[in-house]
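Got the viewer open? Here's a walk through the model, one selection at a time.

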Amino acid sequence: MAARTKRKNVLPGFGLTLGFTLAYLGMVVLIPISTIFFKTFTLSWPQFWAAVASPRTLAAYELSFGASIAGALINSVFGFIVAWSLVRYEFPGKTLIDVMVDLPFALPTSVAGITLTAIYAGNGWIGRYLAPLGIKVAYAPLGVVVALTFVGLPFVVRTVQPVLEDLDQEYEEAAATLGASRLQTFILVIAPTLIPALLTGFALAFARALGEYGSVVFISGNMPMHTEVVPLLIMSKLEQFDYAGATAIAVVMLVASFAILLCINVLQRWSSRRLAA
Amino acid sequence: MNSKSQAEPKRPGTADPSWVRIALIATALVFLSLFLFIPVIAVFAEALQKGIGAYFAAIVDPEARAAIRLTLMTAAIAVPLNVTFGIAASWVIARFDFPGKQTLLTLIDIPFSVSPVIAGMLFVLLLGVRAPLGGWLANHGIRIIFAEPGIVLATIFVTFPLAARELIPIMQAVGSEEEEAAIVLGAGGWQMFFRVTLPNVKWGLLYGMVLCNARAMGEFGAVSVVSGHIRGHTNTMPLYVEILYNDYQFAAAFAVSSLLTLLAIATLVAKYYLERRVVPVKQEQEEPVVKVAA
């Protein structure tokens, strides 16, 4: 260890790179983030409370959290199935699917928004088959769930996939040899090792969905109290120059995001410990 | 040890019954079709619904060209800045030990957990004409919010962690032996950087650039807040898509969208090939590191 520390001292550039890193981080991230907290302190308590606890805001929180959880749950189930199929099975088009899973990362959210709206609207490619069944997707809360499922799609697949790849099949073999059925093996041997990765993927998809604006704004119809998510509410407050109200709601969202970020960090540490053990 | 399933012979008792296999693959395909494949096809179908002539007319429209120019310019500023930051941050984090390193890593990730709308709002609060700093700048004739500089700033914020996040693990995996050798043999700091460090991490660097670029060109929420939607002036391509769509010019909206979709697909293909270059570097270097640790 001592030799290692000594070796590291040979390398140049510590002061320069640390200085640049901190200065850039400060200017681009920390100063802007701190303004929102300073701005919050200028609000009076009744002002703050009126903004964050109005019926319209509460309805937006309910929809945002509810639809984000629903989207993340859908992604946990189907993301797992996609990851399992990609790692364990051979089928035509596998590489194409592996590449395409990251599409929601790469596609601009406004493009995703108008496209999902077009296909899930009452006369769209998919919507026209759902409309006769009485299922309304676009311009309804279900549309918000569809958009949030889309944006969170890569997370569960990309957190579960590497864990499945590293999973040593010897344990499954041992379980099978000892007389376990395939289902028992899955529940008792495979599932426990995947839980941390699944939870991490769920949390990442949830966090991404909670802040999503672009893909939701088109498909939701933006009706206050009904299909208005929190980022959209912030946007409309900003457009009316109600900066105090927007700030109060944004601070609540930021605190929620940071709490999720903390959970993700804890989960990832747990996950890597599991893998190492 | 590191088992990719296809490289390994099937082990007895670990294969799923064929009906399970078929059901799971079918479920995966249906799910991905509903959410990925049908939307991508729909973009191009909608873009071409009024014919190829209308498609090209929509793309070469002066407003569309202005949006394309602003998008390219924004990426041309944001990507090099964030990549430079990524190199500096990964160097200091992967090569040195200092107190607060873990905190620094957490702080770098912050923009990922901030909603794009809130990201844009931060800059309105800081630099809008009603804010002290923004007001002072406005008095000196410098307009940031509802102008191009605001768009560039918001884009820099949302793409901030991307390059650093890719470079840190690669820099760590490559190890510092070759750089130390260069320094001991008398190379200067910049000489070492250009001859040893940069060539070692070049694929990771390119990978980070591709991801950063895709997000910079595609950002919508944050840019939407700071742009003020001034036509032909402060519209990036994703914002222009929204304007066309709200004007019921659906074919034109999808025509511009199809360009962004092509960019997304090109990004995914580049990502696929770059990942294959980056991963071997990591694995090749990881083995001795593990041995040293053990």
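**Stop 1: chain B from end to end**

Start by selecting chain B and following it along the sequence: the pattern reads α-α-α-α-α-α-α-α-α-α-α-α. That comes to twelve helices and zero strands. Keep in mind that what you're looking at is a predicted model.

Colour chain B by burial next. Of its 294 residues, 46% are buried. If you draw a contact map and keep pairs with a separation of 6 or more, 76% of the contacts in chain B are between residues 24 or more positions apart.

**Stop 2: the two domains of chain B**

Now give residues 16-47 one colour and residues 51-293 another. Those are domain 1 and domain 2 of chain B in the domain assignment. Put a distance between their C-alpha centres and you get 30 Å.

How many residues of domain 1 of chain B are in contact with domain 2 of chain B? Five, and they meet eight residues on the domain 2 side. Sort the domain 1 side by class and there are four nonpolar residues, no polar ones and one charged.

**Stop 3: over to chain A**

Hide chain B for a moment and show chain A. Here the count is 14 helices and zero strands, and the order along the sequence is α-α-α-α-α-α-α-α-α-α-α-α-α-α. The C-alpha trace of chain A spans about 70 × 65 × 30 Å along its principal axes.

Run the burial colouring on chain A too: buried residues are 46% of its 277. In its contact map, residues 24 or more positions apart supply 77% of the contacts with a separation of 6 or more.

**Stop 4: where the chains meet**

Bring chain B back and select the contact between the two chains. You should pick up 79 residues from chain A and 78 residues from chain B. On the chain B side, the largest share is 15 residues from helix α1 (residues 18-47). That side of chain B breaks down into 51 nonpolar, 16 polar and eleven charged residues.

For a close-up, pick A:Ile81 in helix α4 (residues 55-88) of chain A. Is A:Ile81 buried or exposed? It counts as buried, because it has 23 C-beta neighbours inside 10 Å. Leaving out residues up to four places away in sequence, A:Ile81 touches B:Leu24, B:Thr27 and B:Ala28. While you're there, try a C-alpha distance from A:Ile81 to A:Val99: the two are 18 residues apart along the chain and separated by 16 Å.

**Stop 5: the largest nonpolar core**

Next, show the largest nonpolar core, a set of 167 residues. Which of them have the most contacts inside it? Label A:Ile234, B:Ile118, B:Met121, B:Ala154 and B:Val256. The largest share of this core, 17 residues, comes from helix α7 (residues 148-174) of chain B. Domain 1 (16-47) and domain 2 (51-293) of chain B each put in at least three residues.

Centre the view on A:Ile234. Setting aside neighbours within four places in sequence, its contacts in chain A are A:Ala246, A:Ile249 and A:Ala250, and its contacts in chain B are B:Val117, B:Ile118 and B:Met121.

**Stop 6: helix α5 of chain B**

Select residues 116-127 of chain B, which form helix α5. This helix has twelve residues and reaches 17 Å from its first C-alpha to its last, close to the 16 Å expected at 1.5 Å a residue. How many of its residues are buried? Twelve of twelve, so this one is mostly covered. Among the buried ones are B:Val117, B:Ile118 and B:Met121, the chain B contacts of A:Ile234 from the last stop.

**Stop 7: two loop residues with positive phi**

Finish back in chain A with a look at the backbone angles. A:Met225 has phi near 75 degrees, a positive value in a residue other than glycine. You'll find A:Met225 in the loop between α12 (214-219) and α13 (230-239). A:Met225 counts as exposed, because it has 12 C-beta neighbours inside 10 Å.

Then click on A:Phe241, in the loop between α13 and α14 (243-276) of chain A. A:Phe241 isn't a glycine either, yet its phi is positive at about 60 degrees. With 12 other C-beta atoms within 10 Å, A:Phe241 is exposed.

Note on methods:
Residues are numbered from 1 along each chain as its sequence is written. Chains are lettered from A and ligands numbered from 1 in the order in which they are written. This is a predicted model: local features need pLDDT of at least 70, side-chain atom pairs count only at pLDDT 80 or more; totals for chains, interfaces and linings use all residues. Two residues are in contact if their C-beta atoms, placed from the backbone, lie within 7 Å. Helices (H or I, at least four residues) and strands (E, at least two) are DSSP runs, numbered from the N terminus. Ala, Val, Leu, Ile, Met, Phe, Trp, Tyr, Cys and Pro count as nonpolar, Asp, Glu, Lys and Arg as charged, and the others, Gly among them, as polar. A residue is buried if 20 or more other C-beta atoms lie within 10 Å of its own, exposed if 12 or fewer, and partly exposed in between; C-beta atoms are placed from the backbone. Domain bounds come from an automatic or database domain assignment. A nonpolar core is a set of buried Ala, Val, Leu, Ile, Met, Phe, Trp, Tyr and Cys residues joined through C-beta atoms within 7 Å. The expected span of a helix is 1.5 Å times one less than its number of residues.
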